[in-house]
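Subject: Structure handover and notes

Dear colleague,

I am passing on the structure we spoke about, so that you can have it open while you read my notes. Please look through it first, and then go on to the text below.

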Amino acid sequence: LELVAKLRTDVACTPATADRRCVEIVSNKDIRVHKKDADPIKNDTFETFQLHSVLPLESNPNQEYGHILMNRIEQLQERKNLLLLTYGQYRSGKSHALFGKNYRSINEQGLLPRAVQHLLCMVSKLNADGDREFTVAMRVLRIYNDRVFDALNANADVRIVDKKNMNGQITCTTNTQITTITRIEDFERTISTISSVDTQHSASALSHFVYTLYLQCQNKHQTTNGDTIKLGPKCIYSQAHFVEIASSDKLTALQQKSQTLYCSSPRRNALKSQTTIRKFLHRTLESLITVFSFVHQNKNNNNYISYRNNKLTHIVKDCLTDCAAANVVLLLTIIPTDKHLQETLKTLHFGEQILYSQKRKQKNDKSDQ
């Protein structure tokens, strides 16, 4: 697990206003959050968080991709899966980190379109020689209030099932169709489809999105005359999950704009729906912390881990069951101003809890030795 922080840099901050910058990058691994109206006597004027890395403010999308994903995408051809979790408050830059300012522009693309291009180049090299045919495919799921939807087909009835992959491991899949990506234009068309489907649901802002890239392979079989090559059935060779985790402060922001959530009935029903959604969002964070803690504690035995308690952990369980066989990155997006101080602390504390479960396991292993 690697914990990475990214600060939103386009926020207007001036010392003369109440909305001043409260986050300081101490080093490439440390962030210091200065608390507003803190008591200096209690010595709690600031809080320091230690991460694996903090992206520089002046870094461009290409440098960010090289730092976070380049080597990990390459390892997909070694059957090492990838899970990238993005979490932060509303409008902190989660979607911007994944898609960039303009996913159709090479210089402005985010992590996901760059990963697609990287995979397509990698597949073309793999297919140049060898007895296998590799392809890239994509699936997009939306999780809202413990229900799973196909982001490419609003009318699809999505069911989650567990099945064995080509390595004999139990992995999660759905009955939804996956889209084959042969060119970057296919990816752009897929993203456009997601945008058009989401406009039908005002609750999309309160949903978790799981963008999954599949590296598929088929074995080549040569006929007896040696002229033509028949391809065997497709199977998933490895996969990369890009997850955008919704935050509960989105609900507050939407309430202030007087937007309805699936429910345009009386106020009592609307408030009940909002309470249910808030519990769903908090339960996702709790499930992630619990699963990461159990995974690290039960690394060397077969104790049961309840992935199915949450739809998100169930879908990405293939990257959680064996941490040694997968790359896991948690990208925290932050708005570094006093106005968003509480949400910034909440985001960093969430990352700290995920990281602490791993450090605690490593500490216990050393003490046992």
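What follows is an account of what was found, going from the overall make-up to single residues.

Please keep in mind throughout that this is a predicted model. The protein has nine helices and 15 strands, and of its 369 residues 48% are buried. If one takes the contacts with a separation of 6 or more, residues 24 or more positions apart account for 70% of them.

**Helix 1 and helix 4**

The axes of helix 1, which covers residues 61–68, and helix 4, which covers residues 111–128, come within 10 Å and cross at roughly 65°. Since angles of 65 to 115 degrees count as roughly perpendicular, helix 1 and helix 4 are therefore described as roughly perpendicular to each other, and their crossing is right-handed. On the side of helix 1 the contact is made by Pro61, Asn62, Glu64, Tyr65 and Ile68, while helix 4 contributes Leu111, Arg114, Ala115 and His118. By character, the residues of this contact divide into five nonpolar, two polar and two charged.

**Aromatic pairs**

A search of the whole structure finds six aromatic pairs, and two of them are described here in detail.

The rings of Phe99 and Tyr211 have their centres 5.3 Å apart and their planes at 80°, so this pair is edge-to-face. Because Phe99 lies in helix 3 (residues 94–99) and Tyr211 in strand 12 (residues 208–222), the pair ties together parts that are 112 residues apart in sequence. Phe99 and Tyr211 are both buried.

In the second pair, formed by Phe134 and Tyr237, the ring centres are 5.2 Å apart and the planes stand at 90°, so this pair is edge-to-face as well. Phe134 belongs to strand 7 (residues 132–144) and Tyr237 to strand 14 (residues 235–245), so parts that are 103 residues apart in sequence are tied together by the pair. Phe134 and Tyr237 are likewise both buried.

Phe99 and Tyr211 also appear in a cluster, in which ring pairs link them with Tyr103, Phe187 and Phe209.

**Two buried residues**

Ala246 is placed in the loop between strand 14 and helix 6, the latter being residues 249–256. With a relative accessibility of 2%, Ala246 counts as buried, although it sits in a loop. Its C-alpha atom is separated by 5.3 Å from that of His208, a residue 38 places away along the chain. When residues up to four places away in sequence are not counted, Ala246 touches Tyr87, Ala205, Leu206, Ser207, His208 and Leu281.

Thr347, by contrast, is in helix 9 (residues 341–368), and at 2% relative accessibility Thr347 too counts as buried. Leaving aside its neighbours within four places in sequence, Thr347 is in contact with Tyr87, Gly88, Gln89, Leu332 and Thr333. Tyr87 is thus a residue that both Ala246 and Thr347 touch.

**Two residues with positive phi**

Most residues other than glycine have a negative phi, and with that in mind two residues deserve a look. Arg79 has a positive phi of about 65° although it is not a glycine; Arg79 is found in the loop between helix 2 (70–74) and strand 6 (81–88), and with a relative accessibility of 29% it counts as partly exposed. Asn145, also not a glycine, has a positive phi of about 55°. The place of Asn145 is the loop between strand 7 and strand 8 (147–150), and Asn145 is partly exposed, at a relative accessible area of 25%.

**Arg283**

Last, Arg283 is found in helix 7, which covers residues 267–297, and Arg283 is partly exposed, with a relative accessible area of 31%. The C-alpha atoms of Arg283 and Asn309, which are 26 residues apart along the chain, are separated by 9.5 Å. Not counting residues up to four places away in sequence, Arg283 touches Asp146 and Asn310.

With best wishes

Notes:
Residues are numbered from 1 along each chain as its sequence is written. This is a predicted model: local features need pLDDT of at least 70, side-chain atom pairs count only at pLDDT 80 or more; totals for chains, interfaces and linings use all residues. Side-chain values use heavy atoms; hydrogens and water are left out. Axes are lines fitted to C-alpha atoms, for helices over the stretch in contact, and angles run from 0 to 180 degrees between N-to-C directions. Helices (H or I, at least four residues) and strands (E, at least two) are DSSP runs, numbered from the N terminus. Angles under 35 degrees count as roughly parallel, over 145 as roughly antiparallel, 65 to 115 as roughly perpendicular and the rest as oblique. A crossing is left-handed if the near helix is turned anticlockwise from the far one by less than a right angle, and right-handed if clockwise. Contact means heavy atoms within 4.5 Å. Ala, Val, Leu, Ile, Met, Phe, Trp, Tyr, Cys and Pro count as nonpolar, Asp, Glu, Lys and Arg as charged, and the others, Gly among them, as polar. Rings of Phe, Tyr and Trp (its six-membered ring) pair if their centres lie within 6.5 Å; planes under 30 degrees apart count as stacked, over 60 as edge-to-face and the rest as tilted. Buried means under 20% relative accessible area, exposed over 50%, partly exposed in between (1.4 Å probe, protein chains only).
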